Amino acid sequence: MALLFQIMKKVALITGGARGIGRAIALELAENQYDIVINYLSSKQAAAELKEMIQSRYGLR
């Protein structure tokens, strides 16, 4: 069972994650090796830019 937890990745779902506090939380979690799911209502471009930044800087999904 311990091996299973070592293999599993950490994933965070952040609502309102494209801008402001949500963006800061997404970046902090990415620094700690969490894969990030960014939910947004109207900030599609900001979410896309954050996605690219996280992928290139941390190599995460």
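## Salt bridge

A salt bridge is a side-chain nitrogen of Lys or Arg within 4 Å of a carboxyl oxygen of Asp or Glu. In this structure, which is a predicted model, there is one salt bridge. Its partners are Arg61 and Asp35, whose closest N and O atoms are 3.1 Å apart. The pair links distant parts of the chain, since Arg61 belongs to the segment after helix 3 and Asp35 to strand 2 (residues 34–39), with their positions 26 residues apart in the numbering.

The two partners can also be described by their accessibility. Arg61 has a relative accessibility of 62% and counts as exposed because the cut-off for that class is over 50%. Asp35, by contrast, has a relative accessible area of 4% and is buried, the cut-off for buried being under 20%.

## Overall layout

The chain has three helices and two strands, and from the N terminus on these elements run in the order α-β-α-β-α. Of the 61 residues of the chain, 26% count as buried. The accessible surface of the chain comes to about 4,500 Å², and 57% of that surface belongs to carbon and sulfur atoms.

Contacts across the sequence can be described in a similar way. When contacts between residues at least 6 apart in sequence are taken, 54% of them join residues at least 24 apart. The salt bridge between Arg61 and Asp35 offers one example of a link between distant parts of the chain.

## The nonpolar core

In soluble globular proteins, nonpolar side chains tend to be buried together. Here the largest nonpolar core has ten residues, namely Ala12, Ile14, Ala26, Leu27, Ala30, Ile36, Leu50, Ile54, Tyr58 and Leu60. At least two residues of this core are supplied by each of strand 1 (10–15), helix 2 (20–31) and helix 3 (44–58).

Leu50, one of the core residues, shows how a single member is surrounded. With residues up to four places away in sequence not counted, Leu50 touches Gly17, Ala18, Arg23, Ala26, Leu27 and Ile38. Ala26 and Leu27, which are among these contacts, are also listed in the core.

## Strand 1 beside strand 2

Asp35 lies in strand 2, and Val11 lies in strand 1. Although Val11 and Asp35 are 24 residues apart in sequence, their C-alpha atoms are 4.6 Å apart in space. With neighbours within four places in sequence left aside, Asp35 is in contact with Lys9, Lys10, Val11, Ala12, Leu60 and Arg61, a list that includes its salt-bridge partner Arg61.

Seen from the other residue, and with residues up to four places away in sequence not counted, Val11 touches Tyr34, Asp35, Val37 and Arg61. Arg61 is thus in contact with Val11 and also with Asp35. The two strand residues fall into separate accessibility classes, for Asp35 is buried at 4% relative accessible area, while Val11 is partly exposed at 49%.

## A nonpolar surface patch

Where on the structure do Val11, Leu13 and Val37 form a nonpolar patch? They do so on the surface, with about 280 Å² of accessible area together. Within this group, Val11 is found in strand 1, and Val11 also touches Val37.

Val11 can belong to such a patch because its relative accessible area is 49%, and patches are made of residues with over 30% relative accessible area.

## Loop residues

The loop between strand 2 and helix 3 holds Ser42 and also Ser43. Is Ser42 buried or exposed? Ser42 is exposed, with a relative accessible area of 66%, whereas Ser43 is buried, with a relative accessible area of 15%. Leaving aside neighbours within four places in sequence, Ser43 is in contact with Ala18 and Arg19. Ser42 and Gly16 are 26 residues apart in sequence, and the distance between them in space is 9.4 Å, C-alpha to C-alpha.

The loop between helix 2 and strand 2 contains Gln33. The phi angle of Gln33 is near 70°, which is a positive value in a residue other than glycine. In terms of accessibility, Gln33 is partly exposed, with a relative accessible area of 39%.

Notes: Residues are numbered from 1 along each chain as its sequence is written. This is a predicted model: local features need pLDDT of at least 70, side-chain atom pairs count only at pLDDT 80 or more; totals for chains, interfaces and linings use all residues. Side-chain values use heavy atoms; hydrogens and water are left out. A nonpolar core is a set of buried Ala, Val, Leu, Ile, Met, Phe, Trp, Tyr and Cys residues joined through side-chain atoms within 4.5 Å. Buried means under 20% relative accessible area, exposed over 50%, partly exposed in between (1.4 Å probe, protein chains only). Helices (H or I, at least four residues) and strands (E, at least two) are DSSP runs, numbered from the N terminus. Contact means heavy atoms within 4.5 Å. Patches are made of residues with over 30% relative accessible area and no salt bridge: like charges are joined within 9 Å, nonpolar side chains (Val, Leu, Ile, Met, Phe, Trp, Tyr) within 5 Å. Accessible areas come from the Shrake-Rupley method with a 1.4 Å probe; for residues, only the protein chains shown count as cover.
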